[in-house]
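Mentor: Here is an exercise in reading a model with two chains. Take a look first, then ask whatever you like.

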Amino acid sequence: MKLFVSEGNPHCLKVLAALEVTGAKCDVQYVNHEERVVPFLSRPALPALLLPSGLHLFSSNAICRYLFEVNGQDSSELCNQWLEWEATELQPALLQALHMAVLQGKGSEVSKVLQGPLNYLDQSLSKKNTPYLTGEAVSVADVVLWAALYPILSDSSLALGDRKSVKIWFDHGAAMHSLQCAAQKVLQGKGLQGMKSYMQKQPAPQSSQCRDTQPCNSSPAESEEGERLVSEEEIEAAALTWSKSLNACPLVANRQHPILPQEGKRNLLVTSALPYVNNVPHLGNIIGCVLSADVFSRYGRLRDWNVLFVCGTDEYGTATENKAREEGLTPQQICDKYHAVHSSIYKWFQIDFDYFGRTTTEKQTEIFSGDSTSTGFLVEDTVEQLRCESCQRFLADRFVEGTCPHCSYPEARGDQCDKCGRLINAVELREPQCKVCRQTPVIRSSKHLFLDLPKLETQLEQWLDKSTSTGDWTANAKQITRSWLRDGLKPRCITRDLKWGTPVPHPDFKEKVFYVWFDAPIGYLSITANYTDKWETWWKNPHQVELYNFMAKDNVPFHSVVFPCSLLGAQDNYTLVNHLVATEYLNYEDTKFSKSRGVGVFGDMAKDTGIPSDVWRFYLLVRASRGTGFSLLLGRHGYEKQL
Amino acid sequence: MALRELSSLEKFLGLKKPNKYSTQGDKKVPVLQSNNDPALVGLVTIACHLVKEAKRPELLGDSAESRAVVQQWLEHRVTKLDGCTKEDVKTVLKDFNLYLQDKVYLAGNQFTLADIFMYYGIHSLIVELAIQEKEQYMNVTRWFDHIQHYPGIRHHLPPVAVLRNRIYTGRHH
């Protein structure tokens, strides 16, 4: 058995004193402060005890305990309690006090730091009225505490205040030969200054104020979502309601269309991000977010809230133009065909929309004329675009493929890189190619409209502050929005040189259409307008209506920044998003589902398996609830196990 | 958090009547009031008391050496592990990993209270690790997975997946 100690190290006082008191047989070796005696610890830890078995003890309290036990003195529970207090409450304060007194020369402030622990010690001693901490005899607790406090209490220059009980108790210890001996060995008669070289090698203690702000290992209950402690009454009330079962619930009124906001009720306008029309929807679309929105709406109706759940297919844009070309049909025909496909698949999945519409209606164009186009938040500018000379037109977005300028992914599309997710403009792509004829396009200038996001930034931030703090926003939605704002808003181009889109109602931009991501959220409005003439009672009524947007996380910036800005720019008292629920990606085995690349399980395949839609709904919801990113694992054992 | 650990410990020990705890101070140190005896303060102190109450002294170590080792790790848990900062995490895990290289349990070959409380304390760190990091701290992961599957231990904490391919968890071996 060997004890390693270093001079000037206050922790060694304890073990040396314990050795003397117990008279245990042990070799003692003096080493330098930096010596790493304990093989598995990165930082030097002294004192250390090498046990006969070969194990090391690096805790001074544990060493003392061991020495006492070997000497026939077990630690009582009260002893344990004192040792735990010493390690968790006294030592941190002591370390700070020593740092101040020895290195900073702030001897006068030591008293403040040690006030708490010394008061506690004094109170406990005076209450017990025994000479020693645990009774009539010296225990390991006494030795440890005496040794810990020795450097401080024996230095008369530190005005620590008058604590009678502590003084009496301490004097007992100070008078003991063993403690004096140990003190001599460690401090060499130099008092506090004997510890200078040791203290210099220790990391600076965190002051007691900032102690609680940094720990990453704090209890999970204090995380952002927070856990609410439920009272006894609440638990009992819940149990009672549960036992009454559904019969006691208010009846769900039959729905009367059109559903309009009602006075005195909670009016919820629920939208699910409009699925893009160009292919059969896959399970990823369904869980994020049509299914989530559906479950929420059903819940809302059971709670007797006034819910309007709208959705529809997003039909404009270059992807549809691409698909039309592929299938040899006109864009309108493609949209008609696929809208029907979407509709039937969602019906099979029992998604209970109040209305499932489409963006390609006259209402869309009508609503645009009344929009931010007239209010001075639009800026004109010339833009450089890629033009394919052989196809004779400007290429945008999905007509171009090239290498991402940020992450070098070779199949980046002209609006967003699939790999790193950053939004890009087609002209930024390296080695661009026209998707149709594979020629390299040239850069030409063209006039376009921009939404002046920077001008709207303050208003947006005001709204977001209110909305994110009072509404239900998923953590990922808040995070993504914050990082967009942090990167700084720039004007966004909202027009494109295309034929298939909402025409821009501005004489100078006759040949252009609105960029699909600008016009799609307006789709929510036009779809509602197709459902009821009184659409403005939902969409221009922020005081009576709460807007819930459900979407997959890649749509967040458009719903939390771009769309609210367009609405704020129109200055027409639009209802803005109160609650934003963003689901994570559903992965197909380990890759992302993709309609445009044909990867994953699609809605019609789900039907063809013969497994009922309720099972699919359940399975998808359970997987989705697992948090960040989840994989669809195929095979029968998957869902059987869940059921 | 500490109170939940104590309640889980009670369940593991099979103590029939759960105790009522309170807390003191801003660090919320647990306190056990009892009718006849003076109050006990401190997570480790109370835990050791419960073990004695349940007549499972072997959980505290069966020799003077192992008892010292157990107390050492219990102290380590409430001093270094709780409230360790982000910068310290790597060191904590690295040292722990090295320590566990040649041991099945913290006290060697015997399952003790040290394993239980280090498991409770380190859970929130392990949960945050990616699969690759878990593989890096191979011994910690092995020990962790062992303890979390030990009958009656896990209680209030969610299980942490240690294997890359979840399809086999529960079905494998």
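Trainee: Does C388(A) count as buried or exposed?
Mentor: This is a predicted model, where local features need pLDDT (the predictor's confidence in each residue, from 0 to 100) of at least 70 and side-chain atom pairs count only at pLDDT 80 or more, whereas totals for chains, interfaces and linings use all residues; side-chain values use heavy atoms, leaving out hydrogens and water. Residues are numbered from 1 along each chain as its sequence is written, while chains are lettered from A and ligands numbered from 1 in the order in which they are written. The cut-offs are under 20% relative accessible area for buried, over 50% for exposed and partly exposed in between, with a 1.4 Å probe and protein chains only. C388(A) has 1% relative accessibility, so this cysteine counts as buried.

Trainee: How far from C388(A) is the nearest cysteine sulfur?
Mentor: A disulfide is a pair of cysteine sulfur atoms within 2.5 Å, and a search of the whole structure finds 0 of them over all chains. C388(A) is thus in no disulfide, and the nearest cysteine sulfur belongs to C437(A), at 3.4 Å.

Trainee: Which residue of β9(A) stands opposite C388(A)?
Mentor: Helices (H or I, at least four residues) and strands (E, at least two) are DSSP runs, numbered from the N terminus, and two strands pair if DSSP finds at least two bridges between them. Strand β8 of chain A, residues 378-388, has 3 bridges to β9(A) in the antiparallel sense. Across from C388(A) in β9(A) is R393(A).

Trainee: Which strands stand at the edges of that sheet, and why is one side of each left without a neighbour?
Mentor: The sheet is open, with 4 antiparallel strands of chain A in the order β9-β8-β13-β14. Each edge strand has a single partner strand, so one side has no neighbour in the sheet; the two are β9 (393-395) and β14 (492-493) of chain A.

Trainee: In the 5-stranded sheet of chain A, by how much are neighbouring strands turned against each other on average?
Mentor: This open sheet pairs in parallel, in the order β7-β6-β5-β17-β18. Its edge strands, β7 (355-358) and β18 (577-583) of chain A, pair on one side only. Axes are lines fitted to C-alpha atoms, for helices over the stretch in contact, and angles run from 0 to 180 degrees between N-to-C directions. With direction ignored, the average turn between neighbouring strands is 20°.

Trainee: What angle does the direction of helix α18(A) make with that of β18(A)?
Mentor: Helix α18 of chain A, residues 556-570, packs on this sheet and touches β17 (545-552) and β18 of chain A; contact means heavy atoms within 4.5 Å. The angle between the directions of α18(A) and β18(A) is about 155°.

Trainee: How many residues of β17(A) are buried?
Mentor: β17(A) runs parallel to β5(A), joined by 6 bridges, with N267(A) opposite V545(A). Another 6 bridges join β17(A) to β18(A), again in parallel, where Y548(A) has H579(A) as bridge partner. The strand is mostly covered, the buried count being 7 of its 8 residues.

Trainee: What is the bridge partner of L269(A) in β6(A)?
Mentor: Look at strand β5 of chain A, residues 267-272, which pairs with strand β6 of chain A, residues 306-313, in the parallel sense over 5 bridges. In β6(A), L269(A) is partnered by L308(A).

Trainee: Which residues does T481(A) contact, leaving aside neighbours within four places in sequence?
Mentor: T481(A) lies in helix α15 of chain A, residues 475-486. Its relative accessible area is 3%, so T481(A) is buried. Its contacts are L464(A), W473(A), V556(A), S560(A) and V561(A).

Trainee: How far apart are the C-alpha atoms of D336(A) and R358(A)?
Mentor: D336(A) is found in helix α12 of chain A, residues 331-348, and counts as partly exposed at 36% relative accessibility. Along the chain, D336(A) and R358(A) are 22 residues apart, yet their C-alpha separation is 9.5 Å.

Trainee: Where in chain A does pLDDT stay under 50?
Mentor: The mean pLDDT of chain A is 81, with 87% of residues at 70 or more. Two stretches under 50 have contacts beyond four places in sequence in the model, 28 for one and 19 for the other. In that order, they are residues 208-227 and residues 633-643.

Trainee: What percentage of the residues of chain B count as buried?
Mentor: Chain B has 7 helices and 3 strands, in the order α-β-β-β-α-α-α-α-α-α from the N terminus. Of its 173 residues, the buried share is 53%.
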